[in-house]
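Work through the exercises below with the sequence and the structure in view, and try each task before reading its solution.

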Amino acid sequence: MPVLTYRDALREALREELIRDDRVFLMGEEVAQYNGAYKVSKGLLDEFGPMRIVDTPITELGFAGVGIGSAMVGLRPIIEFMTWNFALLAIDQVVNAAAKMLYMSGGQFPMPMVFRGPNGSALQLSAQHSQAWESWLAHIPGLKVVTPGTPADAKGLLKSAIRDDNPVVFLEGEMLYNTKGEVPQGDYTIPLGKADLKREGDACTIVAHGKMVLVALQVADALAKEGIAVDVVDLRTVRPIDIEAIATSVRKTNRAVVLEEGWEICGVGAQVVDFIQRECFDDLDSPVLRVHQEDVPMPYAKNLERAAKPDAPKAIAAVKKVMYLA
């Protein structure tokens with residue numbers, strides 16, 4: 001199986017879907033001539049031409065709306081936001097048009113489209129450009145929200161998202177584009193809404209998604225050296241959430257730590273804890289703990305930024321606390 005970067009896995013998914021279905025097109029700032037801000041669309045303009053790889057002005061609200069209109073007449077647009085921080089300018093189209101069109105039209109207008117782009121913190125991009133938005137978007141009925149953490153998942157989930165008849169928010173980890181991993185070739189898809197057990201153990205369950213999956217695996221490796229084996233459940237999709245996968249793991253380990261990149265209040269982890277207490281209350285041997293970003297805008301100063309982010313040492317401490325080892 002070839003080893004690809006997260007970036008190349010996304011490009012492979014885009015290219016294969018552009019070939020498979022001529023209703024699919026990509027639109028966004030710098031996706032064509034510049035090959036994408038993160039080079040995900042590199043080479044696609046040369047292969048598919050300007051009618052299907054479409055550069056736009058800096059008008060997030062406008063081109064999101066054009067995508068919604070094109071989905072209403074039968075096309076399958078992929079809207080690239082240069083960063084989800086800029087997508088806040090288009091949130092009315094995403095939340096009030098795309099998410100609700102099928103419901104408000106009485107089922108007349110499916111909305112087969114994907115909103116995609118980098119999400120989450122990077123390195124010293126400060127408060128306005130280093131934010132994880134999945135809990136905001138997962139709050140909205142009508143949207144599916146996908147957060148791949150590995151190159152293989154990025155390819156398989158993006159192909160499924162493009163084929164879905166509902167609007168899918170596809171959040172790519174901003175620091176994941178250069179990460180590498182084995183990626184299946186050909187028509188490889190992953191069902192939306194299905195979690196993946198990335199590591200098996202019996203001492204504790206770590207639930208993570210997106211960029212935090214790699215951190216959870218680092219935690220698992222470190223704890224394994226101390227003889228502590230943990231389950232790592234990668235949600236992959238945060239709306240809908242695979243409740244059964246979480247419950248199956250927690251019923252085995254009897255302990256859980258939820259690791260996420262976003263803020264604490266109303267975060268994805270809060271919802272996961274709610275599911276765990278409803279489904280597994282009698283199985284728990286200790287309270288579920290959460291590891292998340294500190295409740296501050298992301299600092300610019302490198303030392304403060306490091307202190308604000310969730311990381312492996314914080315997660316290791318949480319696992320040991322639920323095991324009453326610390």
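**Exercise 1.** Determine in which sense strand 2 and strand 4 pair, and over how many bridges.

*Solution.* In this predicted model, strand 4 covers residues 76-80, and strand 2 pairs with strand 4 in the parallel sense over five bridges. To place one of these partners, take Leu26, whose bridge partner in strand 4 is Ile78. Next, turn to strand 3 (residues 53-55), which runs parallel to strand 2 and is joined to it by three bridges; here Gly28 stands opposite Asp55.

**Exercise 2.** Decide whether the two faces of strand 2 are covered or open.

*Solution.* Begin with the cut-off, by which a residue is buried if its relative accessible area is under 20%. On one side Val24, Leu26 and Gly28 are buried, and on the other side Phe25 and Met27 are buried, which leaves both faces covered. Five of the five residues of strand 2 (residues 24-28) are thus buried, so the strand is largely enclosed by the rest of the structure.

**Exercise 3.** Describe the sheet that contains strand 9, and explain why one side of strand 9 has no neighbour in the sheet.

*Solution.* First, write down the order, 9-11-10-13-14, in which five strands form an open sheet with mixed pairing. Strand 9 (196-199) and strand 14 (289-291) stand at the edges and each has a single partner strand, so one side of each is left without a neighbour in the sheet. Then look at the partner of strand 9, namely strand 11 (residues 230-234), which runs antiparallel to it and is joined to it by three bridges, with Arg199 opposite Val232. Finally, helix 10 (residues 268-280) packs on the sheet, touching strand 10, strand 13 and strand 14.

Terms used
Residues numbered from 1 in each chain as written. Predicted model: local features only at pLDDT ≥ 70, side-chain atom pairs only at ≥ 80, totals over all residues. Heavy atoms only, no water. Pairing = 2+ DSSP bridges. Helix = DSSP H or I, 4+ residues; strand = E, 2+ residues; numbered from the N terminus. Contact = heavy atoms within 4.5 Å. Axes fitted to C-alpha atoms, helices over the stretch in contact; angles between N-to-C directions. Buried < 20%, exposed > 50% of the residue type's maximum accessible area, 1.4 Å probe, protein only.
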